[in-house]
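Visitor: I'm new to this one, and I'd like a close look at a single part rather than a quick tour. Please walk me through the aromatic rings and then through whatever surrounds them.

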Amino acid sequence: FGPFGTEGAEELLPLVCFRLGEGQYALDMARVHEVLRLIPITRVPQMPDFVLGIVNVRGNIIPVFDLRRKFALGGPPFGRASPGLDEAVGRGGPFGGNTINEKAKLIVVDTREAPVSFVADELLDNVKVERSSIAPAPAGKSRVPKECVAGISRLDERVIIILDWDKIYELAQEEIRIFVP
């Protein structure tokens, strides 16, 4: 089944679940390098709004994306237009004002080239779902483009949208490439 291996396999897929806006999302745990508390973000000029900047993690420079802004998912902004952003982006404490929830986390994801990160409103939990229980993204209009959704799984009363990080990264790279400030 797509990025998860053999269709119909009864294996368990470990997922890292998080909240973006009001939605619950997940990534394949094998793709998540680490989860960090929100640390100061250095702005990078002339980038699309969803690129918050870069962070220095133990000497590694890692770009930071705001997927809520990229996909118009709502919630208080993490980005440049936020009151209190100066504190969240490198002047003072990492959270700043009332605009960034202290539950927010930086999720660092492995890509083919180098690690990339995004801010999640909250880290929820790690779960395992049966690969066979993952349904394809439904037809119709959704804020997250269908090609960026690897599947959907129901876990108890929760519906979790499993993201396809490779596709999200590919779309982000293309948008950055064609961006005109």
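Guide: A search of the whole structure turns up four aromatic pairs. To count, rings of Phe, Tyr and Trp (for Trp, its six-membered ring) must have their centres within 6.5 Å, and the planes decide the label: under 30 degrees apart is stacked, over 60 is edge-to-face, and the rest are tilted. Take Phe-18 and Phe-118: their ring centres are 5.1 Å apart and their planes meet at 55°, so this pair is tilted. Phe-18 belongs to strand S1 and Phe-118 to strand S7, so the pair ties together parts that are 100 residues apart in sequence. Helices (H or I, at least four residues) and strands (E, at least two) are DSSP runs, numbered from the N terminus.

A word on what you're looking at: this is a predicted model, where local features need pLDDT of at least 70 and side-chain atom pairs count only at pLDDT 80 or more, while totals for chains, interfaces and linings use all residues. Residues are numbered from 1 along each chain as its sequence is written, and side-chain values use heavy atoms, with hydrogens and water left out.

Back to the rings. Both Phe-18 and Phe-118 are buried. Buried means under 20% relative accessible area, exposed over 50%, and partly exposed in between, with a 1.4 Å probe and protein chains only. Phe-118 also pairs with Trp-165: the ring centres are 5.5 Å apart and the planes are at 25°, so that pair is stacked. Since Phe-118 lies in strand S7 and Trp-165 in helix H3, the pair ties together parts that are 47 residues apart in sequence. The relative accessible area is 0% for Phe-118 and 2% for Trp-165, which is buried as well. Add Tyr-25, and ring pairs link Phe-18, Tyr-25, Phe-118 and Trp-165 into a cluster.

Now zoom out a little. Three of those rings turn up again in the largest nonpolar core, which has 26 residues; Phe-18, Leu-27, Phe-65, Leu-67, Phe-118, Val-144 and Trp-165 are the ones that touch the most other members. The elements giving two or more residues to this core are S1 (12-20), S2 (23-28), S6 (105-109), S7 (116-120) and H3 (165-178). H3 supplies the largest share, four residues. Such a core is a set of buried Ala, Val, Leu, Ile, Met, Phe, Trp, Tyr and Cys residues joined through side-chain atoms within 4.5 Å. In soluble globular proteins, nonpolar side chains tend to be buried together.

Val-144 brings us back to the cluster: it touches Tyr-25, along with Phe-71, Leu-73, Val-149 and Leu-163, leaving aside residues up to four places away in sequence. Contact here means heavy atoms within 4.5 Å. There is also a second, separate core of 13 residues, with Leu-36, Leu-38, Val-64 and Leu-106 among its members.

Next, the strands that carry these rings. S1 and S2 run antiparallel and are joined by six bridges; two strands pair if DSSP finds at least two bridges between them. Two residues sit between the strands of this hairpin, and Gly-21 there takes a positive phi near 60°. Five of the six residues of S2 are buried, so S2 is largely enclosed by the rest of the structure. On to strand S10 (158-163): S2 pairs with S10 in the parallel sense over two bridges. Tyr-25 has Ile-161 of S10 as its bridge partner, and Ala-26 has Ile-162.

These strands belong to an open, mixed sheet of five, in the order S8-S1-S2-S10-S9. Strands S8 (122-130) and S9 (149-155) are at its edges with a single partner strand each, so one side of each is left without a neighbour in the sheet.

Phe-118's strand, S7, sits in another open sheet of five strands, ordered S3-S6-S7-S5-S4 and also mixed. Its edge strands, each pairing on one side only, are S3 and S4 (51-57). And Trp-165's helix? H3 lies across S4, S5 (60-65), S6 and S7, running at about 90° to S5. Axes are lines fitted to C-alpha atoms, for helices over the stretch in contact, and angles run from 0 to 180 degrees between N-to-C directions.
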